[in-house]
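Please look at the model below with its sequence at hand, and follow the text through it one element at a time.

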Amino acid sequence: MTTLSIDHVSRWFGNVVAVNDITMTIGPGVTGLLGPNGAGKSTLINMMGGFLAPSTGTVTLDGQPVWRNEAIYRRIGIVPEREAMYDFLTGREFVVANAELHGLGASAAQKALATVEMEYAQDRRISTYSKGMRQRVKMASALVHEPSLLLLDEPFNGMDPRQRMQLMDLLRKMGDEGRTVLFSSHILEEVEQLARHIEVVVAGRHAASGDFRRIRRLMTDRPHRYLVRSSDDRALAAALIADPSTSGIEVDHSEGALRIQAVDFGRFTALLPKVARDHGIRLLTVSPSDESLESVFSYLVAA
């Protein structure tokens, strides 16, 4: 049972705070580290993997410090987001080199390549690989010593649907075997399909924690903002404002539309078409105006 503990960890670069006082515990199974681009996920993973020292706080693996502890790498496998690789090597040579760093031989490398289904391209130079193939050969190098902790930074980037499903199946299997797997993503649906537990980070802060149902509920229950254009905006606003599912409506003359804040997502989405039908109003545009991940996660931080 491998447990990674992050205790009041912060990291700053000059005047920029990349990670701000984060505490979390990552245990066996698959955990998703979810947040928009620039949230601090890569910085946090680099500290978890011992590549970067916390400015304050500690990162430990089963009670042992990760920073400046070479022995810890026998138990950690890392798949970084960055594409820096030895392009002049073949895939097999790259994975063998990583195996040898762990005192292992070519057979361990071959097993890892087979695990990620890269045997067919193992003798091609990495310079000829697609992004998805590069991701898989990085995965093979991280698995070559069969680590108990696997850290993956945006591992599905560049993968086609078949490659993505194969990697998801592999990570699920590792989690079911009792290994500790953490992967980062900015796509909620990606995390939902795979992670038993989700940690949400935004603007360097820990925003939420729980299984995907709880995270989904937090996101769904937040106030939603819509931009609505209709054949009679004033009549529509007058009909909607009396309902408790809306907390505010304003007429945006520059857009020729209504800006509506809904506090009861389910009730409002059923109410809008019914009100329009009952009052003979034609809906021309109904679009969410706050659906970016940044706005969703920012709400979670403020909640």
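The paragraphs that follow treat a sheet, the helix that lies across it, and a pair of packed helices.

The model is a predicted one, and a convenient place to enter it is the open sheet, in which four strands are arranged in the order β2-β1-β4-β5 with antiparallel pairing. The edges of this sheet are taken by β2, residues 16-26, and by β5, residues 64-65; each of these has a single partner strand, so one side of each is left without a neighbour in the sheet. Within the sheet, β1, which covers residues 4-13, pairs with β2 in the antiparallel sense over seven bridges, and W12 is found opposite V17 of β2.

Helix α1, formed by residues 41-48, lies across β1, β2 and β4, the last of these being residues 56-61, and α1 runs at about 125° to β1.

Further along the chain, attention can turn to α8, residues 233-241, and α9, residues 265-278, which pack with their axes 10 Å apart and at an angle of about 135°. Why is α8 called oblique to α9? Angles over 145 degrees would count as roughly antiparallel and those of 65 to 115 as roughly perpendicular, while the rest, once those under 35 are set aside as roughly parallel, count as oblique; the angle of about 135° therefore makes α8 oblique to α9. The crossing of the two helices α8 and α9 is right-handed. On the α8 side the contact is made by L236, A239 and L240, and on the α9 side by F268, L271, L272 and V275; sorted by class, the contact of α8 with α9 has seven nonpolar residues, with no polar and no charged ones.

How values were computed. Residues numbered from 1 in each chain as written. Predicted model: local features only at pLDDT ≥ 70, side-chain atom pairs only at ≥ 80, totals over all residues. Heavy atoms only, no water. Pairing = 2+ DSSP bridges. Contact = heavy atoms within 4.5 Å. Axes fitted to C-alpha atoms, helices over the stretch in contact; angles between N-to-C directions. Left-handed = near helix turned anticlockwise from the far one by under 90°. Nonpolar A, V, L, I, M, F, W, Y, C, P; charged D, E, K, R; others polar.
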